[in-house]
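Colleague: Before I plan anything at the bench, I would like to go through this model with you, one question at a time. Please give me the reasoning behind each answer and finish on the value or name I asked for.

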Amino acid sequence: MDISLLLEYGWVLLLLIGLEGLLAADNALVLAIMVKHLPEKERRRALFYGLAGAFIFRFASLFIISFLVDVWQVQAIGALYLLFIAINHIARKLYFKNKVHVKEKEKKKSGFWGTVIKVELADIAFAVDSILAAVALAMTLPNTDLPTIGGMDGGKFLVIFTGGLIGLIIMRFAANFFVKLLAAKPGLEIAAFVIVGWVGVKLAVLTLSHPDVNIISYTFAHSFEWKLTFYSVLIAIAVAGWFLSKDNTSKE
């Protein structure tokens, strides 16, 4: 594998780690709320079992999607899904923030295994978002000399799997750092979902350039110019999220 290929793969992996970190912080907050009614020891066990199940699901789903990733219908569904979750999340944050009321009274708190199941389902939902975003980022990478895994080039599979694995580690061990970062720079959360939507656009371009669709030139979707445009906009979104976000550190 030559140096330029290593740099391109390394760049995509860094992007995946950064995006996974921001999304993991939001996800970790949700999981913390789900298990907070349990005793401390059971709370840790519930999170451990849930994340262990999420790891197995991520590997299995990535292996399955590796066979389907070149099917344009699957690409189209993935693009629409990423655009939907981005628009939905941003709309709720910006427009419905003051209209959402959390119900403090619940009929009955879930027991330990009921909570584990809920954490498992939440982890699976988070994994779907992350895997689709990772696939969209990695699919235009050049192929490597590594053997295929499932139906995907081995290099692409490994960079997606590594990004997802690091995302789980962040959710388990480093979430507090990203939670504090989002608290200090709340605009980064919106920026992260804008990036998810932009990744959805990338997957849409890949879909429209599929030989069976052929609305956009296949050459354009894999060109240096499009990659440069995509990553330039992505970096601009992240920078804008950082600098335009209101700094809350002074309030602490």
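Colleague: In which helix is V128 found, and is V128 buried, exposed or partly exposed?

Modeller: Bear in mind that this is a predicted model. V128 sits in helix α4. Its relative accessible area is 30%, and since buried means under 20% and exposed means over 50%, V128 in α4 is classed as partly exposed.

Colleague: How far apart in space are V128 and S61, C-alpha to C-alpha?

Modeller: Along the sequence, V128 and S61 are separated by 67 residues. In space, taken from C-alpha to C-alpha, the distance between V128 and S61 is 8.4 Å.

Colleague: Is I56 buried or exposed, and what is its C-alpha to C-alpha distance to I124?

Modeller: I56 belongs to helix α2. With a relative accessibility of 59%, I56 falls above the 50% limit and therefore counts as exposed. I56 and I124 are 68 residues apart in sequence, and their C-alpha atoms are separated in space by 9.9 Å.

Colleague: What is the pattern of elements along the chain?

Modeller: The chain contains eight helices and zero strands, and of its 252 residues, 44% are buried. Reading along the sequence, one therefore meets helices alone, in the pattern α-α-α-α-α-α-α-α.

Colleague: How many cavities of 30 Å³ or more does the structure hold, and which helix gives the most to the lining of the largest cavity?

Modeller: The structure holds three cavities of 30 Å³ or more, and the largest cavity has a volume of about 100 Å³. Of the 13 residues in the lining of this largest cavity, those closest to its centre are R58, I160, F161, G164 and L165. At least two lining residues come from each of α2 (40-68), α4 (112-138) and α5 (154-184), and the helix that gives the most, with five residues, is α5.

Colleague: How do the residues that line the largest cavity divide into nonpolar, polar and charged?

Modeller: Glycine is counted among the polar residues here, a point to keep in mind for G164, one of the residues closest to the centre of the largest cavity. On that basis, the lining of the largest cavity divides into nine nonpolar, two polar and two charged residues.

Colleague: Which residues line the second largest cavity, and how many of them are charged?

Modeller: The second largest cavity has a volume of about 50 Å³, and its lining consists of I65, V69, V74, Q75, G78, L132, V135 and L203. Both α3 (72-94) and α4 supply at least two residues of this lining, with α3 giving the most, three residues. By class, the lining of the second largest cavity has six nonpolar residues, two polar and, as for charged residues, no charged.

Colleague: Which side chains meet in the salt bridge, and how many residues apart in sequence are the parts that the pair ties together?

Modeller: The structure holds one salt bridge, in which the side chains of K227 and E8 meet at 3.0 Å, N to O. K227 lies in helix α8 and E8 in helix α1, so the pair joins parts whose separation in sequence is 219 residues.

Colleague: Is K227 buried or exposed, and how does E8 count?

Modeller: The relative accessibility of K227 is 16%, and because buried means under 20%, K227 counts as buried. E8 has a relative accessibility of 23%, and therefore counts as partly exposed.

Colleague: Which residues form the nonpolar patch on the surface, and which helix gives the most to it?

Modeller: The patch is formed by W11, L14, I235, V239, W242 and F243, which together have about 610 Å² of accessible area. Two or more of these residues come from each of α1 (3-35) and α8 (224-243). I235, which lies in α8, is partly exposed at 38% relative accessibility, and the helix that gives the most to the patch, with four residues, is α8.

Colleague: Which residue other than glycine has a positive phi near 60°, and where is its place?

Modeller: The residue with this positive phi is N214. Its relative accessible area is 56%, and since exposed means over 50%, N214 is exposed. The place of N214 is in the loop between α6 (187-208) and α7 (218-221).

Conventions:
Residues are numbered from 1 along each chain as its sequence is written. This is a predicted model: local features need pLDDT of at least 70, side-chain atom pairs count only at pLDDT 80 or more; totals for chains, interfaces and linings use all residues. Side-chain values use heavy atoms; hydrogens and water are left out. Patches are made of residues with over 30% relative accessible area and no salt bridge: like charges are joined within 9 Å, nonpolar side chains (Val, Leu, Ile, Met, Phe, Trp, Tyr) within 5 Å. Accessible areas come from the Shrake-Rupley method with a 1.4 Å probe; for residues, only the protein chains shown count as cover. A salt bridge is a side-chain nitrogen of Lys or Arg within 4 Å of a carboxyl oxygen of Asp or Glu. Buried means under 20% relative accessible area, exposed over 50%, partly exposed in between (1.4 Å probe, protein chains only). On a 1 Å grid over the protein atoms alone, a cavity is a set of points where a 1.4 Å probe fits but cannot get out, and a pocket is an open set with protein on both sides within 12 Å along at least five of seven lines; lining residues have an atom within 4 Å of a point. Grid points are joined across faces, edges and corners, and a volume is the space filled by probe spheres set on the points.
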